[in-house]
Amino acid sequence: MGSSWKLADHPKLPKGKTVAVVVLDGWGEAKPDQYNCIHVAETPTMDSLKKGDPDKWRLVKAHGSAVGLPTEDDMGNSEVGHNALGAGRIFAQGAKLVDLALESGKIYDGEGFKYISECFEKGTLHLIGLLSDGGVHSRLDQLLLLLKGSSERGAKRIRVHILTDGRDVLDGSSVAFVETLENYLAELRGKGVDAQIASGGGRMYVTMDRYENDWEVVKRGWDAQVLGEAPFKFRNAVEGVKQLRAAPKASDQYLPPFVIADESGKPVGPIVDGDAVVTINFRADRMVMVAKAFEYEDFDKFDRVRVPKIRYAGMLQYDGELKLPSHYLVSPPEIDRTSGEYLVHNGVRTFACSETVKFGHVTFFWNGNRSGYFNEELEEYVEIPSDSGITFNVQPKMKALEIGEKVRDAILSGKFDQVRVNIPNGDMVGHTGDIEATVVACKAADEAVKMILDAIEQVGGIYVVTADHGNAEDMVKRNKTGQPQLDKGGKIQILTSHTCQPVPIAIGGPGLAPGCRFRRDIPTGGLANVAATVMNLHGFEAPGDYEPTLIEVVDI
């Protein structure tokens with residue numbers, strides 16, 4: 001072992017205790033009311049942590065600058081949250097990286113842009129991505145800047161393939177976003193650039209699947225974007241989206257795929273040989289599958305029918321380990337020296353577990369966007385398959401209890417010094433907007449936490465229970481006074497997105513040293529402070545450039 005990895009011993013905290021690090025996904029802290037599913041649900045375990053010793057429970061920030069995002073209006077997400085939890089430092093992330101590259105113009109000097117710009121002379125530039133200002137996967141202003149910059153740098157023919165949102169923004173807002181884009185494309189046409197919308201569809205039904213849950217979603221997008229085939233054809237995207245939204249039970253997230261056709265019924269922008277394609281989302285999880293479809297020659301997940309010879313780039317690289325895509329417009333943050341790597345180098349035997357939808361978060365994202373083990377002899381990662389082919393509100397308990405059992409067994413086996421786990425229910429069911437199901441989900445998550453804490457009790461260990469961002473604690477859109485917002489029909493507007501709320505962190509267990517408590521001098525602590533905290537609980541000092549630990553040991 002290189003000496004640079006050696007951590008100093010903590011002066012007051014012993015080594016050798018089993019530490020459970022539990023991340024509740026989408027579990028923020030908000031005022032108790034009927035739309036706070038965590039409050040409504042029976043959650044005796046989490047309640048007891050909150051109502052217990054005030055020195056062992058507190059809130060930390062999980063959004064905005066605390067996780068490397070540009071503004072305090074930027075809600076956190078699971079990727080940046082787990083990056084911060086694992087890395088112990090704050091790195092410029094996703095949207096912020098893209099903002100910096102667009103502001104400085106560096107994006108146009110990079111290898112990725114040079115690669116796609118070689119198609120501008122003879123081919124079409126296609127931009128595919130989520131059309132909203134939600135700021136979780138993409139942002140409309142970035143798309144407009146990229147359109148401007150590309151047209152100024154030689155793109156003569158541009159086609160935009162839009163995916164409507166309604167998940168990170170209000171359902172129904174799609175029409176206004178399409179209008180804004182159409183107005184800008186009209187300006188470009190006025191300057192002699194042939195720029196128009198070519199196809200579209202709702203994000204949860206077209207293109208943006210993740211974790212290989214349902215390749216049909218990606219296929220619908222491919223058929224519209226590449227083959228120019230879809231069940232609906234329109235002359236105009238604004239009218240098209242309005243028409244599709246008029247159907248009973250229609251929602252922005254699930255709009256069927258459509259193509260824009262000219263007066264003769266011919267699609268205006270299928271992707272063909274010699275074209276360039278950019279997926280404009282900065283968040284990775286829902287771009288990996290479509291990236292594979294564009295990039296892999298030996299692709300077998302669905303019949304692509306026609307595979308055009310194109311130059312494809314992502315806004316960012318979506319999977320650092322798969323090097324996917326191989327070309328990208330903005331380079332990722334270099335996250336090095338994560339807490340997981342340090343601890344393994346210092347002999348900490350580690351077990352990590354979740355179900356499919358969040359398994360990557362306690363492994364890949366925790367470890368600084370790096371796949372695989374640091375040391376196979378000291379680590380074990382277990383993935384429990386998620387339910388597929390159903391929305392998560394149908395089975396809101398998800399795999400919480402199976403995760404709890406696996407982690408309990410790992411603790412009781414005595415083979416591990418750290419067990420790290422993500423319990424996804426609050427987030428995945430919260431995203432469906434189904435309040436009753438989210439209440440069931442929160443109860444199941446609480447039961448899983450109890451199993452883990454009971455096991456820690458048995459082995460004399462320590463627990464750290466926290467979350468990566470908010471979601472289930474507030475399920476309605478609110479007006480400026482904090483009251484639930486109503487739609488035109490007088491119904492409350494359901495909130496399906498993450499929130500900007502702080503998240504809890506609790507410490508405890510029989511192995512916690514007497515006098516160990518949360519410090520009083522870090523009132524604005526965030527997720528990045530958790531790594532140093534966990535290192536301390538393993539009996540080590542954190543590296544000097546890590547965000548400071550949240551704990552101290554006082555003489556009793």
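Which residue in strand 14 is the bridge partner of Ala20? To find out, let us walk through this structure together, keeping in mind that it is a predicted model. The partner of Ala20 is Tyr463, and this pair is a good place to begin. Strand 1 and strand 14 run parallel and are joined by six bridges. Turn to strand 13, and you will find that strand 1 pairs with this strand too, again in the parallel sense and over six bridges. Here Val19 stands opposite Gln418.

Now stay with strand 1 for a moment and look at its side chains. Val19, Val21 and Val23 point one way, while Ala20, Val22 and Leu24 point the other way. Are these residues buried or exposed? All of them are buried, so strand 1 is mostly covered, with six of its six residues buried by the cut-off of under 20% relative accessible area.

Next, step back to see the sheet around strand 1. It is an open sheet of seven strands with mixed pairing, and its order is 2-15-14-1-13-11-12. At the edges are strand 2 (57–60) and strand 12 (379–384), each of which pairs on one side only. From one strand to the next, the twist averages 15°. What holds such neighbours together? In general, the strands of a sheet pair through backbone hydrogen bonds, in either a parallel or an antiparallel way. Strand 11 (residues 350–355) and strand 13 (residues 418–423) run parallel, with four bridges between them. One of the pairs here links Thr350 to Gln418 in strand 13.

Helices pack on this sheet as well. Helix 13 (residues 400–413) touches strand 1 (19–24), strand 11, strand 12 and strand 13, and its direction makes about 170° with that of strand 11. Helix 16 (residues 530–537) lies across strand 1, strand 13, strand 14 (462–467) and strand 15 (503–508), and it runs at about 170° to strand 14.

Away from the strands, try finding a pair of helices. The axes of helix 7 (residues 174–190) and helix 9 (residues 237–245) come within 9 Å and cross at roughly 170°. Because angles over 145 degrees count as roughly antiparallel, helix 7 is roughly antiparallel to helix 9. Ser174, Val175, Val178, Glu179 and Glu182 in helix 7 meet Ala237, Val238, Val241, Lys242 and Arg245 in helix 9. The residues of this contact divide into five nonpolar, one polar and four charged.

The loops have some details to look for. Between strand 9 (311–316) and strand 10 (328–330) lies Pro325, which is joined to Leu324 by a cis peptide bond with omega about -10°. Thr207, in the loop between strand 5 (194–202) and helix 8 (215–225), has a positive phi near 75° although it is not a glycine. Lys249, in the loop between helix 9 and strand 7 (258–260), also has a positive phi, near 65°. Thr207 is buried, with a relative accessible area of 0%, whereas Lys249 counts as exposed at 86%.

Finally, how many disulfides are found in the whole structure? The search finds zero. Take Cys442 as an example: its closest cysteine sulfur is in Cys37, 5.8 Å away, and that is too far for a bond because a disulfide needs the two sulfur atoms within 2.5 Å. Cys442 counts as buried at 0% relative accessibility, and Cys516 counts as buried at 2%.

Notes:
Residues numbered from 1 in each chain as written. Predicted model: local features only at pLDDT ≥ 70, side-chain atom pairs only at ≥ 80, totals over all residues. Heavy atoms only, no water. Axes fitted to C-alpha atoms, helices over the stretch in contact; angles between N-to-C directions. Helix = DSSP H or I, 4+ residues; strand = E, 2+ residues; numbered from the N terminus. Parallel < 35°, antiparallel > 145°, perpendicular 65-115°, else oblique. Contact = heavy atoms within 4.5 Å. Nonpolar A, V, L, I, M, F, W, Y, C, P; charged D, E, K, R; others polar. Buried < 20%, exposed > 50% of the residue type's maximum accessible area, 1.4 Å probe, protein only. Pairing = 2+ DSSP bridges.
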